[in-house]
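Student: Got a minute to go through this one with me? I'd like to start with how the copies relate.

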2 protein chains.
Amino acid sequence: MQVIAGYGNGVSIQGRKRSVEPEGEPARSPCPVSCSLDVLGDRWTLLVVRDLILGHSRFKDFAASPEGIPTNVLSDRLDRLLRSGIVDQVPVEENPGRMGYQLTKKGQALRPLLEAMRDWGLAWAPGARALRGSVKTPRSRP
Amino acid sequence: MQVIAGYGNGVSIQGRKRSVEPEGEPARSPCPVSCSLDVLGDRWTLLVVRDLILGHSRFKDFAASPEGIPTNVLSDRLDRLLRSGIVDQVPVEENPGRMGYQLTKKGQALRPLLEAMRDWGLAWAPGARALRGSVKTPRSRP
DNA sequence: ACGTTCACTTGCATTTAGCAAGTGTGAATA
DNA sequence: TATTCACACTTGCTAAATGCAAGTGAACGT
C-alpha cells in the first residue's frame with residue numbers, strides 16, 4: 001500500500017511524496033528491545049539508516065550500496081521508516097520537486113545503536129573491516 | 001539440517017548436543033554493520049540473546065518469553081547462534097545430561113548493542129516500558 | 001521534442017515465518 | 001517395572017516476505 005497522489009495527510013508534490021499513515025502492527029511485548037526490533041529487526045532497515053547517517057539521501061544512493069538491496073524492498077523499508085517517524089522527506093536542495101530522505105531526531109537517536117553494531121562487527125564478525133566513510137564515533141576536537 | 005547423533009565434531013551426549021559446523025553464507029559486504037546484520041538481522045535472534053543475558057539458558061525458557069517465538073524458529077536461531085560462535089552448550093547444573101545454552105565471549109560482547117537497543121526503545125518506541133529484570137547497564141558499586 | 005534518469009511498481013519463483021501437531025528421550029511417579 | 005510427564009525438538013502446511021527482472025511514468029537534460 002502506497003498512496004501516491006492524494007488529499008488528506010501527506011500532501012503530494014508532483015506524485016513523489018508518500019502518504020504517511022501512523023503505523024501497523026501491535027507490539028509483541030512492552031520490552032524495549034522487542035519494541036525496537038519490531039521496527040528495526042530485519043536485514044535491511046538498519047543499512048538504510050547507516051546510509052542516511054553517512055549522508056545519503058536519495059533512493060538511487062541507497063540502491064547503489066554494496067549490499068544490493070532490491071528496489072521493492074527498499075521502497076517498502078523507506079515507507080516503514082517514514083511511518084515510524086525515523087525518516088522524513090524533504091525536497092532535494094539542488095533539485096527541488098525531487099524528494100530526498102533524511103533522519104528525524106528519532107532516527108538520529110539510532111546512531112549509538114549503529115555504532116555498537118559497527119564495533120561488534122569489527123571485533124567479532126569474520127569478514128568485517130573498517131571502511132572509508134564508515135560510521136564514525138564523533139570525537140571532541142583537539 | 002541438524003545432525004543429532006554423530007561422530008566427528010560436536011560429539012553427542014544422549015542425543016542432545018547439536019553438531020556445530022562452521023557457517024553458511026558469505027558476507028554481503030565488508031561493512032561491519034552489514035556483517036553484524038548478516039548474523040543478527042531478524043526479529044528473533046537478539047531476543048534470544050536478551051534472554052541469555054537475563055540468565056535464561058534452556059529451550060523452554062526462551063520459548064516462554066512474552067514475544068512467543070515459534071519453536072521451530074527458536075530451534076533454528078539457536079542453531080545459527082551456535083554455528084556463529086555466539087552461544088555454546090553446557091550440561092545444565094541441576095540436571096547434567098540435559099544441555100543448556102550460554103553466551104560465549106563473542107556473545108557477551110553483544111551487551112552494549114542490546115543496551116543501545118533498549119535505550120532507543122525506551123526513548124522512542126511507543127509501547128516500550130522498563131521491565132522488571134530487563135537488561136541493565138552495569139554500574140560500579142558505591 | 002526526445003531520450004535518459006529516477007523513483008518507484010508489478011509479476012513471479014524462492015525462501016522464511018508462523019501455527020499446530022507429532023516424536024523420541026530422560027526423569028518422575030505409581 | 002510400567003506409566004506418565006516434561007522437555008527439546010521435528011514435521012507439515014499455509015501465509016508472508018525476499019529476491020530478481022522487467023515495466024511504468026514523471027522529471028530532467030539537451
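Student: So what turn lays chain A on chain B?

Tutor: A turn of 180°, with a shift of 0.0 Å along the axis, and the RMSD is 0.0 Å. The fit is by least squares on the C-alpha atoms of residues with pLDDT of at least 70 in both copies. That is the relation of a two-fold axis.

Student: Which C-alpha of chain A is nearest the axis?

Tutor: That of Asp42(A), 2.1 Å from the axis. Also, 100% of the contact residues of chain A recur in chain B, so the same surface serves both copies.

Student: Hang on, what kind of model is this?

Tutor: A predicted model: local features need pLDDT of at least 70 and side-chain atom pairs count only at pLDDT 80 or more, while totals for chains, interfaces and linings use all residues. Residues are numbered from 1 along each chain as its sequence is written, and chains are lettered from A and ligands numbered from 1 in the order in which they are written.

Student: OK, the interface. How many residues of chain A are in contact with chain B?

Tutor: 41 of chain A, with 41 of chain B. Contact here means C-beta atoms, placed from the backbone, within 7 Å.

Student: Which element gives the largest share on the chain A side?

Tutor: Helix 6 of chain A, with eleven residues. Helix 1 (32-40) and helix 2 (45-53) are also among the elements that give two or more residues. Helices are DSSP runs of H or I, at least four residues, and strands are runs of E, at least two, numbered from the N terminus.

Student: And how does that side divide by residue type?

Tutor: Into 26 nonpolar, seven polar and eight charged. Nonpolar covers Ala, Val, Leu, Ile, Met, Phe, Trp, Tyr, Cys and Pro; charged is Asp, Glu, Lys and Arg; the others, Gly among them, are polar.

Student: Switching to Ala125(B): buried or exposed?

Tutor: Buried, with 25 other C-beta atoms within 10 Å. The cut-off for buried is 20 or more, with C-beta atoms placed from the backbone; exposed is 12 or fewer, and partly exposed is in between. Ala125(B) lies in the segment after helix 6 (111-124) of chain B.

Student: What does Ala125(B) touch?

Tutor: Pro32(A), Cys35(A), Ser36(A) and Val39(A), leaving out residues up to four places away in sequence.

Student: Last thing, what's the secondary structure of chain A?

Tutor: Six helices and two strands, running α-α-α-α-β-β-α-α from the N terminus. Of its 142 residues, 30% count as buried.

Conventions. Two residues are in contact if their C-beta atoms, placed from the backbone, lie within 7 Å.
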